[in-house]
Amino acid sequence: MSIESIVSQQKAAFRDGRTRSIKARKSMLKQLRKLISTHEKELCDAIKQDFGKPYIESYVTEIYTLLDEIDYHLKNLYGWMKPESVGGPIVTFPSKNVIYKQPKGTVLIIGAWNYPVNLTLMPLIGAISAGNTAILKPSELAPATSTKLKELFERYFKPDVISVIEGGVDVTTELLSQSFDHIFFTGSTRVGKIVMKAAAENLTPVTLELGGKSPAIVFEDANIDVAANRIWWGKTINGGQTCVAPDFVLIHSSKKEAFIEASKKAISSFFKNDYRIGENYTAIINHVHFDRLIDLLKQSNVIFGGDTNRDTRFIEPTIIDAEWDDEIMKDEIFGPLLPVITYDDDKEIPLQLNKKPAPLALYIFTESKEKQEFIIQHVPFGGGCVNDTISHLGNPNLPFGGVGFSGMGSYHGKYSFDTFSREQGVLKKPSWPDPDVRYPPYNDLTLSVFKRLFSK
Ligand code: NAD
């Protein structure tokens with residue numbers, strides 16, 4: 001079936017209202033839950049086949065997080081959907097005023113390869129909760145996972161309600177030429193711009209979940225051992241290929257040596273110098289990305305690590321001594337290389353960071369509330385943590401999204417429901433009273449009555 005026909009079938013299904021009721025939404029959420037939990041091993045195997053991600057990592061970051069999110073939506077959906085009564089000003093008296101949460105319609109969800117199940121299905125949960133039909137386009141760079149998703153969705157859902165369309169740039173381009181009611185894109189800033197341009201043709205609202213260089217700032221008073229553990233935990237999950245991985249460390253110069261020593265200890269205790277792709281460590285997604293990282297590595301001053309293997313696409317967690325102008329400080333790294341840059345005066349931190357596009361995440365390591373607030377108030381970033389990395393994604397009460405070049409809009413929990421809903425304001429008036437004074441012809445008396453009643 002052509003892409004155009006799938007889209008028009010979905011629009012017809014949306015119009016006939018089959019996805020709107022709370023019963024329908026909950027039953028689809030439960031069906032999705034069943035799909036994920038019944039086939040979690042197959043999904044994790046497909047991810048492992050694509051880029052050697054260990055089962056435990058896939059289970060925690062892709063399967064568990066989705067099941068948790070579905071349960072959260074099932075629990076809260078009634079309250080989110082309920083029309084909200086609001087007050088009104090005297091000019092609208094007497095009236096009842098209600099905000100309805102309407103589904104947007106037929107939505108397109110384009111996923112990235114690095115969490116190929118999570119990044120495609122996490123937005124889908126919001127789309128279902130909000131009462132939409134959805135087309136999913138998983139990343140072609142994780143082909144085994146993309147095919148597995150297609151196969152499972154064909155078994156569990158009718159295509160006029162949820163459909164998986166596989167393919168690369170040409171398929172995505174064709175999808176983007178269709179008229180959707182919302183486009184949810186996860187991927188690079190470069191492709192995000194292409195998506196937004198295409199969406200503008202149909203004035204389609206977009207959510208863009210993009211990337212960036214997310215800093216980890218380590219202040220002089222930080223607990224250095226804990227900082228090293230948590231930064232390297234965030235940097236080595238998924239082989240460093242996480243949109244919110246700490247991209248580089250900005251550390252007070254007096255603590256640099258201590259941080260390097262603590263980093264060596266952390267890396268050694270995590271992996272015992274025994275890296276096994278698919279068991280305790282993840283490979284780089286493909287040779288294009290592998291070669292890009294090797295190129296950066298060759299231009300860098302390696303302090304620790306640096307071992308690589310092109311056959312298995314392995315890159316060791318690597319500490320790099322860096323300066324702001326280095327090649328590795330230009331773009332998002334998306335691999336297990338960690339540049340360390342120093343500063344001497346706290347005031348330098350926002351000055352340096354604000355020269356770069358606002359990152360998706362930012363991490364602050366300090367015991368001082370003042371220093372935390374100083375950064376939070378002076379450096380724009382999507383979201384982040386104090387004394388941790390990545391964990392903010394685990395809380396559905398926190399919105400997840402970027403700012404500027406790292407994206408627009410947000411999701412997770414109720415933010416997902418809101419992203420795929422449209423707020424519709426309705427004023428409900430009784431037929432009585434119906435005073436003549438509101439209708440033309442107007443005269444001086446009308447104006448003086450109006451001014452007396454509604455004086456400002
Ligand atoms: P990508 O932008 O290359 O691809 C994402 C999607 O866009 C894929 O489905 C792909 O098929 C499609 N695509 C690629 N080129 C296209 C084109 N020319 N026209 C139309 N569609 C096109 O990103 P990626 O390599 O899959 O993922 C890595 C990037 O995604 C990193 O920058 C990372 O930070 C970001 N990311 C962001 C988040 C987030 O939640 N904010 C999560 C994961 C990854």
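## A guided tour: helix 4, the ligand shell and helix 7

Start by selecting helix 4, residues 55–81, and pick out Thr61 within it. Before you go on, keep in mind that this is a predicted model.

**Stop 1: Thr61 and Glu62.** Is Thr61 buried or exposed? Its relative accessibility is 19%, and since buried means under 20%, Thr61 counts as buried. Now show the side chain of Lys53 too: the side chains of Thr61 and Lys53 make a polar contact at 3.3 Å.

Step along to Glu62, which also belongs to helix 4. Glu62 has a relative accessibility of 0% and therefore counts as buried. If you add Cys44 to the selection, you can draw a C-alpha to C-alpha line of 8.4 Å between Cys44 and Glu62, two residues that lie 18 residues apart along the chain.

**Stop 2: the ligand.** Next, select the ligand and the residues around it. The shell holds 25 residues, and the closest are Lys137, Glu140, Ser188, Leu210 and Glu332. Try colouring the shell by residue class: you should find 13 nonpolar residues, eight polar and four charged.

Which contacts deserve a zoom? Look at Ser188, where a polar side-chain atom sits 2.6 Å from an oxygen atom of the ligand. Trp113 also places a polar side-chain atom by a ligand oxygen, here at 2.9 Å. At Leu210, turn on the backbone: one of its N or O atoms lies 2.7 Å from a nitrogen atom of the ligand. Switch to a surface view here; the ligand taken alone exposes 840 Å², and the protein buries 92% of that.

**Stop 3: the two domains.** Zoom out and colour domain 1 (3–210 + 408–423) and domain 2 (215–401) separately. Why does the ligand lie between them? Both domains give residues to the shell, so the ligand has one on either hand.

Now highlight three elements, each of which supplies at least two residues of the shell: helix 7 (169–176), strand 6 (182–186) and helix 8 (189–201).

**Stop 4: helix 7.** Stay with helix 7 and select its buried residues, Val171, Thr172, Leu175 and Leu176. Rotate the view until you look down the helix axis: these buried residues fall within an arc of 135°, so they line one face of helix 7. As a reminder, an α-helix has 3.6 residues a turn, so residues three or four places apart point the same way. To finish, select Val169 and Asp170, exposed residues carried on the face of helix 7 turned away from its buried side.

How values were computed. Residues are numbered from 1 along each chain as its sequence is written. This is a predicted model: local features need pLDDT of at least 70, side-chain atom pairs count only at pLDDT 80 or more; totals for chains, interfaces and linings use all residues. Side-chain values use heavy atoms; hydrogens and water are left out. A residue is near a molecule or strand if one of its heavy atoms lies within 4 Å of it. A polar contact is a pair of N or O atoms within 3.5 Å; within protein, one must be able to donate a hydrogen and the other to accept it, and residues adjacent in sequence count only if both atoms are side-chain atoms. Accessible areas come from the Shrake-Rupley method with a 1.4 Å probe; for residues, only the protein chains shown count as cover. Helices (H or I, at least four residues) and strands (E, at least two) are DSSP runs, numbered from the N terminus. Ala, Val, Leu, Ile, Met, Phe, Trp, Tyr, Cys and Pro count as nonpolar, Asp, Glu, Lys and Arg as charged, and the others, Gly among them, as polar. Domain bounds come from an automatic or database domain assignment. Buried means under 20% relative accessible area, exposed over 50%, partly exposed in between (1.4 Å probe, protein chains only). The arc is that of the directions from the helix axis to the C-beta atoms.
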